[in-house]
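Here is a set of short questions and answers on one protein. Keep the structure open while you read.

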Amino acid sequence: MSNSYDAIIIGAGIIGANIAFEMAKRGKRTLNVDRNPASGYGSTANSCAIIRTYYSTFEGCAMAFEGTRYWEQWNDYLGIEDERGNAIYHECGCILLRTPENNHLKEILATADRLKIPYEVLDNAGLKQRLPVLDLQSFSPAKRPDDPEFGKSNGEMIEGAAWFPQGGYISDPQLATHNLQRAAEKHGAAFRFNASVAEIRQEDGRVAGITLDDGTRLDAPVVVNVAGPHSSVINRMAGVEAGMNIKTRALRHEVAHVPSPVGFDFEKDGTIFSDNDTCAYLRPEVGNHILVGSEDPDCDEREWVDPDDFNRALTDQTRTLALRAAQRVTGLPIADSVKGVVDLYDVTDDWIPIYDKSDLPGFYLAIGTSGNQFKNAPVAAVMMAELIEKCEAGHDHDADPVSVYLEQIGETVSMKFCSRLREVNRNSSFSVLG
């Protein structure tokens, strides 16, 4: 294996593998380096892999809407047939409740109108028609089960919802990542696993490559940090964190897996369901189960951790998630021991990713993505490939941010939205559907 490349990509999760694919298609000789034994084995493997088109910002909506088109055409986009099979996009649609907490969706629906994103406003009768197992009482604000008011209605009713037909999930996010690895390899990309980065090397004021923990030196004029929850570790290694106004941290998260109510097949007839009232979100899961995640209410303590040293065991939080879902889903069976998954998000200060250059020439950032950017992997990869190409040709991205044309939806977005230098975006929801 050669030790010299056009670009080294640190990380082989869904976005790292996708960046390799897009750069390799442009003729660049890339190498992905990952500490895990295969692509998609890090936080990507436990992603809820939700595909949706609605966000609280214009740029977020535009990128998500663009991303949906790639998943709808996944086989054509890849241009290969993986020996393991290609990932399947389950388009079940998304329901987003209208609540006072999200201003009754006024901004979200206005942005959807601007981008011509299809949706339908549902009254409570329409909600019950789509999901007859729903209890439409309001329980806000979100509480923990030890609160004596937990599970009690506040006396109000839910005020309808919006139905977004273009949305769903990927049931095997690791397979989708392997698909991208194979597609990238077809264009000459290389992948190196079980390899940890020990040093980001510099020469003459710019990045020169990396050194692995076994002493192997790998050379490249471009290094891209796509290290997920370890992104801050890599940034400190490169000495670029001081030049970032927005930074990243690893956040421990749990999701619950619970059976569907008796008599209702949520896997077949359910949807992505975002409940800003109880601060839970639902997704169909294989085996007629429901995946339950958290929309991070204030009553839940956020657990910022060392990505190399955190509790991988389920805690009472998993049962809390299941109980929150049981407020909304009538007859949801809750066992004494609730099954689930523990993993990490890589989170920025405003929960919006960083797709940017850094203060170190040749060192690029695709970070702060865990938990909310699986759906945007193809879009992020196109944006990063464009950014790297222009910056390496001499463009001053900090002074004149690169804009990228989203060819699937015919819109242009400025990458200033994802800048490391931005101020905290107060329009962010400060939460995700994982």
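Q: Which residue just after α7 takes a positive phi?
A: This is a predicted model, and helix α7 covers residues 231-238. Just after α7, phi turns positive, at about 75 degrees. The residue there is Gly-239.

Q: Which residues of helix α7 are buried, and on how many degrees of arc do they lie?
A: The buried residues are Ser-231, Ser-232, Ile-234, Asn-235 and Ala-238. They sit on the same side of α7, because the arc they cover around the axis is only 160 degrees. An α-helix has 3.6 residues a turn, so residues three or four places apart point the same way. The arc asked for is 160 degrees.

Q: What covers the buried residues of α7?
A: The cover includes strands from several parts of the chain numbering. Among them are β1 (7-10), β10 (197-203), β13 (223-225), β14 (248-259), β19 (339-348) and β21 (363-367).

Q: Which residues of helix α4 are exposed on the side away from its buried residues?
A: In α4 (residues 106-115), the buried residues are Ile-108, Leu-109, Thr-111, Ala-112 and Leu-115. They share one side of α4, because they cover an arc of only 160 degrees around the axis. Their cover includes α2 (58-72), β5 (94-97), β6 (120-122), β7 (161-164) and β23 (411-414). On the other side, the exposed residues are Lys-106 and Arg-114.

Q: Which residue follows α4, and what is its phi?
A: Phi is positive in the residue that follows α4. That residue is Lys-116, with a phi near 60 degrees.

Q: Is Asn-103 buried, partly exposed or exposed?
A: Asn-103 lies in the loop between β5 and α4. Its phi is positive, about 55 degrees, although Asn-103 is not a glycine. Most residues other than glycine have a negative phi. The relative accessible area of Asn-103 is 30%, so Asn-103 is partly exposed.

Q: Is Asp-204 buried or exposed?
A: Asp-204 lies in the loop between β10 and β11 (206-212). Phi of Asp-204 is positive too, near 55 degrees. Its relative accessible area is 84%, and the cut-off for exposed is over 50%. Asp-204 is therefore exposed.

Q: How far apart in space are Glu-203 and Pro-221?
A: Glu-203 is found in strand β10. At 46% relative accessibility, Glu-203 is partly exposed. Glu-203 and Pro-221 are 18 residues apart in sequence. In space, C-alpha to C-alpha, they are 9.7 Å apart.

Q: Which residues does Gln-373 touch, leaving out those up to four places away in sequence?
A: Gln-373 lies in the loop between β21 and α10 (377-392). At 3% relative accessibility, Gln-373 counts as buried, because the cut-off is under 20%. The residues touched are Ile-15, Tyr-55, Met-63, Pro-353 and Tyr-355.

Q: Which peptide bond is cis, with omega near -5 degrees?
A: Most peptide bonds are trans. The cis bond leads to Pro-141, which is found in the loop between α5 (124-130) and β7. The bond runs from Ser-140 to Pro-141.

Q: How many nonpolar residues line the largest cavity?
A: The largest cavity holds about 40 Å³ of space. Its lining is Phe-139, Pro-141, Ala-142, Lys-143, Phe-150, Thr-278, Arg-324 and Gln-327. By class, 2 are polar and 2 are charged. The nonpolar residues number 4.

Q: What is the average pLDDT of the protein?
A: Of the residues, 98% score at least 70. The average pLDDT is 95.

Note on methods:
Residues numbered from 1 in each chain as written. Predicted model: local features only at pLDDT ≥ 70, side-chain atom pairs only at ≥ 80, totals over all residues. Heavy atoms only, no water. 1 Å grid on protein atoms, 1.4 Å probe; cavity = no way out; pocket = protein on both sides within 12 Å on 5 of 7 lines; lining within 4 Å. Points joined across faces, edges and corners; volume = space filled by probe spheres on them. Nonpolar A, V, L, I, M, F, W, Y, C, P; charged D, E, K, R; others polar. Buried < 20%, exposed > 50% of the residue type's maximum accessible area, 1.4 Å probe, protein only. Helix = DSSP H or I, 4+ residues; strand = E, 2+ residues; numbered from the N terminus. Arc of directions from axis to C-beta. Contact = heavy atoms within 4.5 Å. pLDDT = per-residue confidence, 0-100.
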